[in-house]
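Dear colleague,

I am handing over the structure below, together with an account of what was found in it. Please read the notes alongside the coordinates.

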Amino acid sequence: MSDFKLKKHSVKKASFVENFDKEKKNNLDMQLNGNISVPKNVDKNSHIMINLNFHIGKEDDRFYLAIETLSVFEIENETLEISEESVRKACVPAALTNLRKTVKKVTEAYGMPALDLPPFEGENTEG
């Protein structure tokens, strides 16, 4: 990822509900979606933003967790032709890795056992 450098990863929203009055489910729905913002003019703005929304369960389930993160990357190579495809290939795996680490930290912060998710499809797990 020498063409891009992660400048900031932050949690924009987090929501957690654990309702012990509801029946425990063995399988919870997981959803992950997001969007990529690529600057039109790199001379004026050299930042790429990846916004990810992750949900486990539904609000009316016994367990529900929703996290929205924002990863900001700076373009390091000024001669690089920036496209959504190049960003998808170089930056999205790092954003997914940071999201997975954030889910673990947030669940610990909520006082529950750390939720250590397996790597997401497309995530770069090599260091």
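**Overall architecture**

The chain is built from two helices and four strands, and along the sequence these elements follow the order β-β-β-β-α-α. Please keep in mind throughout that this is a predicted model. Taken along the principal axes, the C-alpha atoms fill a box of roughly 55 × 30 × 25 Å, and of the 127 residues in the chain, 33% count as buried. If one considers the contacts in the chain with a separation of 6 or more, 68% of them are accounted for by residues 24 or more positions apart.

**Aromatic pairs**

A pair of aromatic rings is described by the distance of the centres and the angle of the planes. A search of the whole structure for such pairs finds three. In one of them, the rings of F16 and F63 have centres 5.7 Å apart and planes at 70 degrees, and because an angle over 60 degrees counts as edge-to-face, the pair is assigned to that class. F16 belongs to strand β1 (residues 4–18) and F63 to strand β4 (residues 63–75), so this pair ties together parts that are 47 residues apart in sequence. F63 has a relative accessibility of 12% and therefore counts as buried, the limit being under 20%.

Another pair is formed by F54 and F120, whose ring centres lie 5.8 Å apart with the planes at 75 degrees, so that this pair, too, is edge-to-face. Here again distant parts of the chain are linked, since F54 sits in strand β3 (residues 47–56) and F120 in the segment after α2 (92–109), with the two positions 66 residues apart in sequence. Both F54 and F120 are buried. Finally, ring pairs join F16, F63 and Y110 into a cluster.

**The second largest pocket**

F63 appears again in the lining of the second largest pocket, which it shares with E18, K24, K25, L28, D61, R62 and M112. This pocket has a volume of about 190 Å³. By residue class, its lining divides into three nonpolar residues, no polar ones and five charged ones.

**N51 and E68**

Two buried residues with polar or charged side chains, one in strand β3 and the other in strand β4, may be read together. N51 is placed in strand β3, and its relative accessibility of 13% means that N51 counts as buried. E68 lies in strand β4 and, with a relative accessible area of 16%, is likewise buried. The side chains of N51 and E68 are joined by a polar contact of 2.9 Å, while a further polar contact, of 3.3 Å, joins the side chain of N51 to that of N53.

The wider surroundings of the two residues can be listed as well. Once the neighbours within four places in sequence are left aside, N51 is in contact with N33, G34, N35, E68, T69 and L70. On the corresponding count, which omits residues up to four places away in sequence, E68 touches S10, V11, K12, K13, N51, L52 and N53.

**The segment after α2**

Two residues of the segment after α2 were also examined, namely E123 and A114. Which of the descriptions, buried or exposed, fits E123? With a relative accessible area of 9%, E123 is buried. Leaving aside neighbours within four places in sequence, the contacts of E123 are with P93, L96, T97 and R100; for the last of these, R100, the separation from E123 is 23 residues in sequence and 9.6 Å in space, C-alpha to C-alpha.

A114, by contrast, has a relative accessibility of 32% and so counts as partly exposed, a class that lies between the 20% limit for buried and the 50% limit for exposed. Apart from neighbours within four places in sequence, A114 is in contact with K104, T107 and E108. A114 and L6 are 108 residues apart in sequence, and their C-alpha atoms are 25 Å apart in space.

With best regards

Methods. Residues are numbered from 1 along each chain as its sequence is written. This is a predicted model: local features need pLDDT of at least 70, side-chain atom pairs count only at pLDDT 80 or more; totals for chains, interfaces and linings use all residues. Side-chain values use heavy atoms; hydrogens and water are left out. Rings of Phe, Tyr and Trp (its six-membered ring) pair if their centres lie within 6.5 Å; planes under 30 degrees apart count as stacked, over 60 as edge-to-face and the rest as tilted. Buried means under 20% relative accessible area, exposed over 50%, partly exposed in between (1.4 Å probe, protein chains only). On a 1 Å grid over the protein atoms alone, a cavity is a set of points where a 1.4 Å probe fits but cannot get out, and a pocket is an open set with protein on both sides within 12 Å along at least five of seven lines; lining residues have an atom within 4 Å of a point. Grid points are joined across faces, edges and corners, and a volume is the space filled by probe spheres set on the points. A polar contact is a pair of N or O atoms within 3.5 Å; within protein, one must be able to donate a hydrogen and the other to accept it, and residues adjacent in sequence count only if both atoms are side-chain atoms. Contact means heavy atoms within 4.5 Å.
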